[in-house]
Every structure is written in structure tokens, then in C-alpha cells.
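Got your viewer open? Load the model, switch to a cartoon view, and let's take a walk through it together.

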Amino acid sequence: MKIRNIKEHNNFLKNILKNPYLPFVMLFMVMMVIHSFTNFFRDDLYFSTQLLNTNLFDYIKMRYLTWSSRIITEVYFVFFTNHRILWIFIDSLAYSLIAYLLSKLLNKENNTKINWIITMMTLIYPFTDMSSAGYITTTIFYIWPLLSFLYIMNIIKQDMEDKKISKWQILLLGVAIIN
């Protein structure tokens, strides 16, 4: 009886390891850990203090009157520097989605080995480089637009393959275009 249970357990583990989505889940967990060790400095410190004497609406209005070209990203900067845990989750998810969307673009068969390679390639670029102006501001300014671009490319691919695009995908497409 025990041998049978061990074989079933081993088969269960093999099936988990063959799951094509496991690399993205593992990437998310790794990025959550890495993000948890980041600290505020440079622009992150600046934006984290912008709501000390005002509210978000007044800050947006002031920035619109003084420098409107960065108003959308500055709203993100101010919001997420004041909600760091939320940024840790969303930015880790962004990294995982970048790998996932690359897989959707490049890996037709959803091969688990290729997904692992894509995931490892995502980790090649050193996350410490994102600290140049502060982790939050740098990732929002560079990683999130990359995520948006890959999402738009996936929608275009889906449309070219005559696959149905849902209302949710269209809504997210609008967000990606604005970002």
C-alpha cells in the first residue's frame, strides 16, 4: 500500500512540474521576495512625501498646472510610494505577466521548458538596476509600459488569428494604451 502511495505522490509531483504555468507562479514568488527587500530612496522618497500637506486631487491639479507631461505616471508614483505593499504585489505580478505574455507571443505549444527559459531570461536583467531613481518610480516608468506593450501585441496577435477578444480584454487594452 505504501509503495502505491509513493508512486501516486511522485506522479502528482511530476504533473505539477510539467504544468506550463508553474514557471510564472515561481517567478511571481521570487519577485515578491526580491521586492520585499527594496528600500525607498531618490524619487521614491520625494514622491512618498508629496501628500503630507495636500490630498491626491490637489497634488494632481498642481502638477497639471506646472508640468502636465508626467501627470499620469506621477499619480502612480505618489499613490504607490504611499502604498508600498500594493506596489510589491502589482510589480511582482507585472514581471510575471511580462514572462507570460512573452510566452503567449513566442511559445505556440505552451511548452513548459520554453516557459522556464522565458522566465529565467526575465530574471537575467539585474533588478538592482531598477534602483536608479528609486525602485517604485523606475519600475512604473519602464516595466509597466513594457507590460502594456506586450499586452497590446498579444491582443493584435489574437485579432490576427481571428480569435475572439472579450470585453474585459478590450477594457484592459484601453488601460494598456493609456499607460
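We'll begin with the whole chain, then stop at one helix and two loops.

**The whole protein**

Before you select anything, keep in mind that this is a predicted model. Colour the cartoon by secondary structure: you should find nine helices and zero strands. Following the chain along its sequence, you get the pattern α-α-α-α-α-α-α-α-α.

Now turn on the surface. Its accessible area is about 11,800 Å², and carbon and sulfur atoms account for 69% of that. Of the 179 residues in the protein, 35% are buried. If you like looking at contacts, take those with a separation of 6 or more: 75% of them link residues 24 or more positions apart.

**Stop one: the loop before α7**

Select Asn110, in the loop that runs between α6 (84-106) and α7 (112-124). Check its backbone angles: phi is positive, about 55°, although Asn110 is not a glycine. Is Asn110 buried, partly exposed or exposed? It counts as partly exposed, because its relative accessibility is 24% and the partly exposed range lies between 20% and 50%.

**Stop two: α7 itself**

Move on to Asn111 and show its side chain. At the start of α7, a side-chain oxygen of Asn111 comes to within 2.7 Å of the backbone nitrogen of Lys113.

Next, select the whole of α7. This helix has 13 residues and spans 19 Å from its first C-alpha to its last, close to the 18 Å expected at 1.5 Å a residue.

Which residues of α7 are buried? Pick out Thr112, Asn115, Ile118, Thr119 and Thr122 and give them a colour. Then turn the view so you look down the axis of α7: these buried residues fall within an arc of 120°, so they line one face of the helix.

Give a second colour to Lys113, Ile117, Met121 and Ile124. These are exposed residues on the face of α7 turned away from its buried side.

**Stop three: the loop before α9**

Finally, jump to Asp162, which sits in the loop between α8 (135-160) and α9 (167-178). Here's another positive phi in a residue other than glycine, with a value near 55°. Where does Asp162 stand on exposure? Its relative accessible area is 72%, so Asp162 is exposed, as the cut-off for that is over 50%.

Definitions and conventions
Residues are numbered from 1 along each chain as its sequence is written. This is a predicted model: local features need pLDDT of at least 70, side-chain atom pairs count only at pLDDT 80 or more; totals for chains, interfaces and linings use all residues. Side-chain values use heavy atoms; hydrogens and water are left out. Helices (H or I, at least four residues) and strands (E, at least two) are DSSP runs, numbered from the N terminus. Buried means under 20% relative accessible area, exposed over 50%, partly exposed in between (1.4 Å probe, protein chains only). The expected span of a helix is 1.5 Å times one less than its number of residues. The arc is that of the directions from the helix axis to the C-beta atoms. A polar contact is a pair of N or O atoms within 3.5 Å; within protein, one must be able to donate a hydrogen and the other to accept it, and residues adjacent in sequence count only if both atoms are side-chain atoms. Contact means heavy atoms within 4.5 Å. Accessible areas come from the Shrake-Rupley method with a 1.4 Å probe; for residues, only the protein chains shown count as cover.
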